[in-house]
Amino acid sequence: MAPLRNGWPDSLSERGVRLAAIALAVVATATIAAFAAGVGGTGIAGSPIDRALPGEQYVGQADTDGLDNVTGGADGGLGALNPRTQTGVGGELGFDKETFASNDTSVHFTVEAPRPAYWRTGAYDTYTGVGWQRPGETDPYNGPLGVDGSPGERIEYEITLARGATSLPTAWRPESVAAEGLEVTDQRAIRTASPVPTGTTYSGTSVLAPQDPAVLQASEGSVPERLRERYTQLPADTPDRVGERTARIVDGSDTTYDAVAAVEEWLRTEKNYSLRADRESESIADTFIFEMEAGYCEYFATAMTTMLRTQDIPARYVVGYTSGEQTGTGEYAVRGQNAHAWVEVYFPEVGWVPFDPTPPADRIATEQANLGDDPAPESATTPDQADPTDAPEPPEGDPPDDGPDPDNGTDETPAIDISLNETAVPGRTVAVTVTRDESPVVEEIVRFNGEPIGRTDRNGTVVGTVPYADELEITVEETETAAVGASVGGSTGVARGDAGRSHAIGAVGGTFVRAVGETVPLETNATVTVAGDPRPGEAVTILATVSGTPVPEATVTVNGEAVATTDGDGRATVTLPERSGQVAIAVERGAVAGEQIVDLPALSVAVDPELPVALPFGSATVTVTADGEPVPDAAVAIGGETVARTGPDGTATIRLPASNDIVVGSRYGLSAAAELSGQLRNAAAGLVVALGVGALGAIGWSRRSGVAVRARDRLSTAAQRTASGLRQGLIGAAAAVDGAVGRGASGLGRTGSAGVFSRLHTEVRARWRSVLRADDERPDQTRQAPSPEDPEAVVRASWARLLEEVSLRERRTRTPEELAAHAIEVEGLPRRPVETLRDAFRAVEYGARPPAERVERVRQAITAIEAAAGDAEGT
């Protein structure tokens, strides 16, 4: 919240005058109906103002949305726990201890988490010049949310609310939240359908956004148009000088990340942090950039979001809380003064990443000063300490206790307090502060795991780097007094451990030298982040961190083989193996170790002819993929010779060879092959079909036109024999075509074209029979009715006699082949006579006139069949 210039208003009447003026202004502009403004000690929440200030009520909302009933106070509904759909920036009106310029030290919620984090409660997309707006729509929360973009570290946490809320704090990006009646906004804020009361506890899991500059610099791809339009929006009257100044700041930036970092750094170095800023304007970002020397988080976040949007970089304004004060191992108290605003920037393939342009040192110093101003507790004793005033008097004759006893090393000097300025993490530089009874302990040696890091200065502070071990033993060597123990605390220090340990290490000139210290467990699980899209045989950049701190000089191994050492920023470049499958990339330094498994996809090649079947010299499309994704610039080779390279969509067009061959696609040191076969077979089958169709067409045309009939009528008997022979030749050719088509259909079954050839086979046979039937039915004076000695009549009669011996039902639906097979296999008739009769009948069916020798064989065959049938009946 923005502070009041001189604390609280001088009088209630002064506040009343100000609120009355606002109400009259609203009436004058006819934007809302006038109503009476209440005057009270909790500010102007609920008053009709032209815009809502951070955490405040705006026109159109209920007074407190019912939060008074769950928080027990009239200020329920204010603050970052209950962000509204509109929020202003800056100004002094109505700011109290719930807004983002607050010095309120009351606890809003407590957190149990393995590491500190920013606790997000809302985000805004529309900049109005005087503040921010967001849509009010939500969707029901129905289980875990997907993680868009690159995944980072996953953390689990538990939060207990110390006041009512309508928006639940979560670390960005929330994956799951265990609570009832939840809703989620389109900007992934977790809200409740109704206010939740003080004391509510819920758990959550979040996947943190990547923070490695190498990962963000490698971000490529385009921003979805709808997202770009929404998050680069600016009011039409935004002064041009904002974009011009920003363009000069980001000039020379090679990537989006470089531009974002340049704007963030400019605001941190060019503007000061102050809670006493109170400027308002119709273009607050412009005012802060060009006319103000200092401001608090709302000004910084609004300015950065606006500046990035002028450069067409999607950004949004975010509210919530900073990490708060560490009160124990994995425990944090988040207070009203931690309410904060920052920025999220969109990176393609990565997602939304948080940035904080507010100068951190000044903000943290202000928060610590606020905590130092809190009144001391009523009693400085703990349940484990007796009040010195209640101690029994020593027995008569006992000497008074004037100081330390060199024999037992005990005294009555207050215990020292050891605190850290932040969580101890291997490789992180931390400041150790040693105090006794709130006074600094100076000129004492401090050791980390036995190694001296220096002597405390006049503030009782010394700086050291946390070793790469599984625990940190902080030891203070006292040379003036001999304390019985030490406790670890402080506003953001390390967790309070078991009872302090103390042991004497010697005496110098009658003064004891004593080591007092604590052991703190350290996080040793390193996170290994791989930048870019890993492919076999290519070089990638890896980043090794532990709790967000880079791990330099760590050994990097690939599948167990040492290949590199991380630099000062925890980065290293390694080359991946030229094979597909899983690759283990691991880092190790001391007790700190971590591993990342990378899946290197195999290549796949597919060849699709443009025609339904593959034909020699026809066109075909070759598609090369890896794990389902197209592979551009892959070499396509036939017979060992490169003939094409794939485009951005992973495809290339080739000409099929005449013979069988192999198509090979190569990329990333890998290759995959697809077999080409059947081109010649498909071409031959197509030629047979074409000839058969042409022959049938010619015969049909001659039948329909009567040309052959008229010619035959005019020819002599010798000529008629010649014509008949020609006819028999055509019939034989058609029968051969019919057989070839049938065999082609069978042979092409493997190519998937059998259905096409089968239908063509059936159509050819049907048309051929219709031609012969039409010829038989045509009146012809030269044609005689078949006599018993007619060869065709003999064959047909013999076939009919065979059928009488066959017990198969529905004989009309069976082919001659099926009927003959049944007679042989089921009826037991002799094979050769039956097959002789079958072949003769098929020839007659196709219009061939059987020669005398075939007729004779038919007679012999039917005689043999009848004899066999008679023998079977006798048996």
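Select F355 to begin. Leaving aside residues up to four places away in sequence, F355 touches L216, Y257, V260, E264, M304, W342, V343, V345 and F347. The model on display is a predicted one, and the stops below proceed from this residue outward.

**The core around F355**

Keep F355 selected and add L267, V345 and F347. These four residues have the most contacts inside the largest nonpolar core, which comprises 51 residues. Which helix gives the most to this core? Helix 8 does, with 8 residues.

A second core, lying apart from this one, may be displayed in another colour. It has 27 residues, and F109, A117, V334 and A339 are among them.

**Helix 6 and helix 8**

Next, select residues 256–270, which form helix 6, together with residues 297–310, which form helix 8. The two helices pack at an angle of about 145°, and their axes are 10 Å apart. Helix 6 passes helix 8 in a right-handed crossing.

To see the contact itself, show the side chains on both helices. On helix 6, select V260, V263, E264, W266 and L267; on helix 8, select F300, A303, M304, M307 and L308, which they meet. By class, this contact has 9 nonpolar residues, 1 charged residue and no polar ones. Three residues of this contact, V260, E264 and M304, also belong to the surroundings of F355, which touches each of them.

**Strand 2 and its partners**

Move to strand 2, residues 107–112. Strand 2 pairs with strand 18, residues 331–335, in the antiparallel sense over 5 bridges. Within this pair, F109 stands opposite V334. Both F109 and V334 are members of the core of 27 residues.

Now add residues 154–161, which form strand 7. This strand runs antiparallel to strand 2, and 4 bridges join them. What is the bridge partner of V111 in strand 7? The partner is I159.

While strand 2 is on screen, the direction of its side chains may be inspected. In a regular strand, side chains alternate between the two faces of the sheet.

**A three-stranded sheet**

Select strand 1 (86–88), strand 4 (126–127) and strand 5 (residues 131–133). They form an open sheet in the order 1-5-4, with antiparallel pairing. Strand 1 and strand 4 are the edge strands, each pairing on one side only. Strand 1 and strand 5 are paired over 3 bridges, and G88 has G131 in strand 5 as its bridge partner.

**A hairpin**

Proceed to strand 11, residues 182–184, and strand 12, residues 190–196. They form a hairpin with 5 residues between them. In the turn, select R188, which has a positive phi of about 70°. The two strands pair in the antiparallel sense over 3 bridges, and E183 is matched with R191 in strand 12.

Strand 12 also pairs with strand 8, residues 165–167, in the antiparallel sense over 2 bridges. Here the bridge partner of A165 is V196.

**T541 and its surroundings**

Select T541 in strand 32, residues 539–546. T541 is partly exposed, with a relative accessible area of 27%. Why does T541 count as partly exposed? Its value of 27% falls between the limits, because buried means under 20% and exposed means over 50%.

Add T573 to the selection. T541 and T573 are 32 residues apart along the chain, yet their C-alpha atoms are separated by 4.5 Å. Not counting residues up to four places away in sequence, T541 touches A214, T529, V530, A531, R571, A572 and T573.

**A four-stranded sheet**

The next stop is an open sheet of 4 strands in the order 43-42-45-46, with antiparallel pairing. Its edge strands are strand 43 (641–645) and strand 46 (670–676). Neighbouring strands are turned by 25° against each other on average, direction ignored. Strand 45, residues 661–667, is joined to strand 46 by 7 bridges; within this pair, I662 has E675 as its bridge partner.

**Helix 15**

Now select residues 816–825, helix 15, and highlight its buried residues P816, L819, A820, H822, A823 and I824. The buried residues of this helix pack against helix 14 (791–804) and helix 16 (831–845).

**The whole chain**

Finally, clear the selection and view the entire chain. The protein chain contains 17 helices and 46 strands. Of its 875 residues, 45% are buried. Among contacts between residues at least 6 apart in sequence, 66% join residues at least 24 apart.

Terms used:
Residues numbered from 1 in each chain as written. Predicted model: local features only at pLDDT ≥ 70, side-chain atom pairs only at ≥ 80, totals over all residues. Heavy atoms only, no water. Pairing = 2+ DSSP bridges. Axes fitted to C-alpha atoms, helices over the stretch in contact; angles between N-to-C directions. Left-handed = near helix turned anticlockwise from the far one by under 90°. Contact = heavy atoms within 4.5 Å. Nonpolar A, V, L, I, M, F, W, Y, C, P; charged D, E, K, R; others polar. Core = buried A, V, L, I, M, F, W, Y, C linked by side-chain atoms within 4.5 Å. Buried < 20%, exposed > 50% of the residue type's maximum accessible area, 1.4 Å probe, protein only.
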